[in-house]
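Reader: Could you walk me through one part of this model up close? I'd like to hear about the helices and how they sit against their surroundings, in plain bench talk.

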Amino acid sequence: METKYWKLTGTPADAEAYAQAGALVRAGQVVAFPTETVYGLGANALNPQAVAKIFAAKGRPQDNPLIVHIARKEDIDSLTTGLNANARKIMEHFMPGPLTIIVPKAEIIPDVTSAGLATVGVRFPINKYAQEFILACGCPIAAPSANLSGRPSPTNAQDVLEDMQGKVAGILDGGSCGVGLESTVVDTTSPVPTICRPGGVTYEMLTEVLGAVEIDPALLGDKNFKPIAPGMKYRHYAPKEPVYLLEGNAVELLPVLVGKAVAAGLRVGVLCDAAMSAQLAQLKQQEGILLSCWGESREALAADLFYLLRDFDRTKPDVILAQGVSEDGIGLAIMNRLRKAAGYQIITLEKGVLTLKGDKQLPAFMIQ
């Protein structure tokens, strides 16, 4: 399949690109487009055959529901059997923006879009390119992230090309995404609004508006459930190489573990902040250390996380050690993505002893 490519400029000259992309979607094709969070793979959410092409392009499991994107608040009315007070309050405060609400679905939503559930996730992105694209399509757009299933989500068009060239009809290039993590997903059908996937709209922001908000236990890694939102069940955001995530006091041992990995003859990738990078200054002189530093802030990490994870696939370390962060604010979303990228291979320090979550065996270099 030929994949058309349009570079958006934010000027009236983009009109032709939107027209062509919209025509492809109306013809039942899939087009990748930018949002403020990550790039999405868009198809007509009401066309089962078109939505099936999204799953085929990604290699996505059929029980993983898709989010439906709209370009005007009122467009949600035809997609649901009704909105409760919590849903309306969330829409009032956070839409458009990096947030998805799960609502009871209307009959027009095909089962392939909602993974057979009685609910559907709906999002109104704030990104102007996304809004113009959806309007040009003239229909609600089902869109997961524009990557092969399990890989890190793309936050620029070049990474979309890497995964999707020849698999989709077109790619709209709107530059780099600002937020860098997929939208927060909130189930408004539960008795208390429940965060199913953390993102740029934080737990603290939601509680300030809604009062009580719960966090779904599935975010802790329990796989014995049927996912009601994308990204809940399967390993996601993962480089090809094994990732170990250091949490809590174990972070202090990162330089020691890097040294042990190098001594064992491994090429080690390190994902860390600027302060840890400074601690690793001497080790960085050695061959075999591939350092990815996100700078000073967790917001910078959120924006760059998927790019940094993808970059490890280009530099090809044997193992990746990642520094965990505190879980307040945007940290909850960052740690959710890092834990999934690591396949929940989490290293902690228990009474002075390194431990791998789940009573699994530590890698050999860590116990030398």
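Author: What follows is a tour of helix packing, with stops at the core and at a few loops. Keep in mind that this is a predicted model.

Let's start with α7, residues 203–210. Three of its residues, Leu206, Val209 and Leu210, are buried. They span an arc of only 80 degrees around the axis, so they sit on the same side of α7. What do those buried residues pack against? Their partners are α3, β5, β9 (184–187) and β10 (194–197). Right after α7 comes glycine 211, with a positive phi near 85 degrees.

Leu206 also takes us into the core. The largest nonpolar core holds 46 residues, and Leu206 is listed with Leu41, Leu99 and Ile101 as having the most contacts inside it. At least two core residues come from each of β3 (40–44), α2 (48–58), α3 (85–94), β5 (99–104), β6 (119–123), α6 (157–164) and α7. Which of these gives the largest share? That would be α2, with 5 residues.

Isoleucine 101 is a good place to stand and look around. Leaving out residues up to four places away in sequence, isoleucine 101 touches Ile76, Ala87, Ile90, Met91, Met95, Val120, Gly121, Val122, Val186 and Thr188. One of those, Met95, is part of an oddity in the backbone: the peptide bond from methionine 95 to proline 96 is cis, with omega near 5 degrees. You'll find proline 96 in the loop between α3 and β5. As background, most peptide bonds are trans, and most residues other than glycine have a negative phi.

That second habit has exceptions here too. Alanine 115 isn't a glycine, yet its phi is positive, about 60 degrees. Alanine 115 belongs to the loop between α4 (111–114) and β6. Is alanine 115 buried or exposed? It is buried, because its relative accessible area is 13% and the cut-off for buried is under 20%. Lysine 316 also has a positive phi of about 60 degrees without being a glycine. Its home is the loop between α10 and β15 (319–323). Lysine 316 counts as exposed, since its relative accessibility is 52% and exposed means over 50%.

Lysine 316 brings us round to α10, residues 298–315, which packs with two other helices in this tour. Take α6 to begin with. The axes of α6 and α10 come within 12 Å and cross at roughly 50 degrees, which makes α6 oblique to α10. That crossing is left-handed. Which residues meet there? From α6 you have Asp159, Glu162 and Asp163, and from α10 Tyr307, Arg310 and Arg314.

The other partner is α11, residues 331–341. Here the axes are 10 Å apart and the packing angle is about 20 degrees, so α10 runs roughly parallel to α11. Again the crossing is left-handed. On the α10 side, Arg298, Leu301, Ala302, Leu305, Phe306 and Leu309 take part, and they meet Gly331, Ile334, Arg337, Leu338 and Ala341 of α11.

Now for a pair of helices elsewhere in the sequence: α1 (residues 15–26) and α5 (residues 128–137). Their axes come within 8 Å and cross at roughly 55 degrees, so α1 and α5 are oblique to each other. This crossing is right-handed. The contact uses Tyr18, Ala21, Gly22, Val25 and Arg26 from α1, together with Lys128, Tyr129, Glu132, Phe133, Ala136 and Cys137 from α5.

Two more spots round off the tour. Glycine 175 sits in the loop between β8 (170–173) and β9. With a relative accessibility of 22%, glycine 175 is classed as partly exposed. Not counting residues up to four places away in sequence, glycine 175 touches Lys7, Tyr39, Thr155 and Asn156. Histidine 93, by contrast, is 82 residues from glycine 175 in sequence and 27 Å away in space, C-alpha to C-alpha.

The last spot is isoleucine 67, in strand β4 (residues 67–69). Isoleucine 67 is buried, at a relative accessible area of 5%. Between isoleucine 67 and glycine 42 there are 10.0 Å in space, C-alpha to C-alpha, and the two are 25 residues apart in sequence.

Methods. Residues are numbered from 1 along each chain as its sequence is written. This is a predicted model: local features need pLDDT of at least 70, side-chain atom pairs count only at pLDDT 80 or more; totals for chains, interfaces and linings use all residues. Side-chain values use heavy atoms; hydrogens and water are left out. Helices (H or I, at least four residues) and strands (E, at least two) are DSSP runs, numbered from the N terminus. Buried means under 20% relative accessible area, exposed over 50%, partly exposed in between (1.4 Å probe, protein chains only). A nonpolar core is a set of buried Ala, Val, Leu, Ile, Met, Phe, Trp, Tyr and Cys residues joined through side-chain atoms within 4.5 Å. Contact means heavy atoms within 4.5 Å. The arc is that of the directions from the helix axis to the C-beta atoms. Axes are lines fitted to C-alpha atoms, for helices over the stretch in contact, and angles run from 0 to 180 degrees between N-to-C directions. Angles under 35 degrees count as roughly parallel, over 145 as roughly antiparallel, 65 to 115 as roughly perpendicular and the rest as oblique. A crossing is left-handed if the near helix is turned anticlockwise from the far one by less than a right angle, and right-handed if clockwise.
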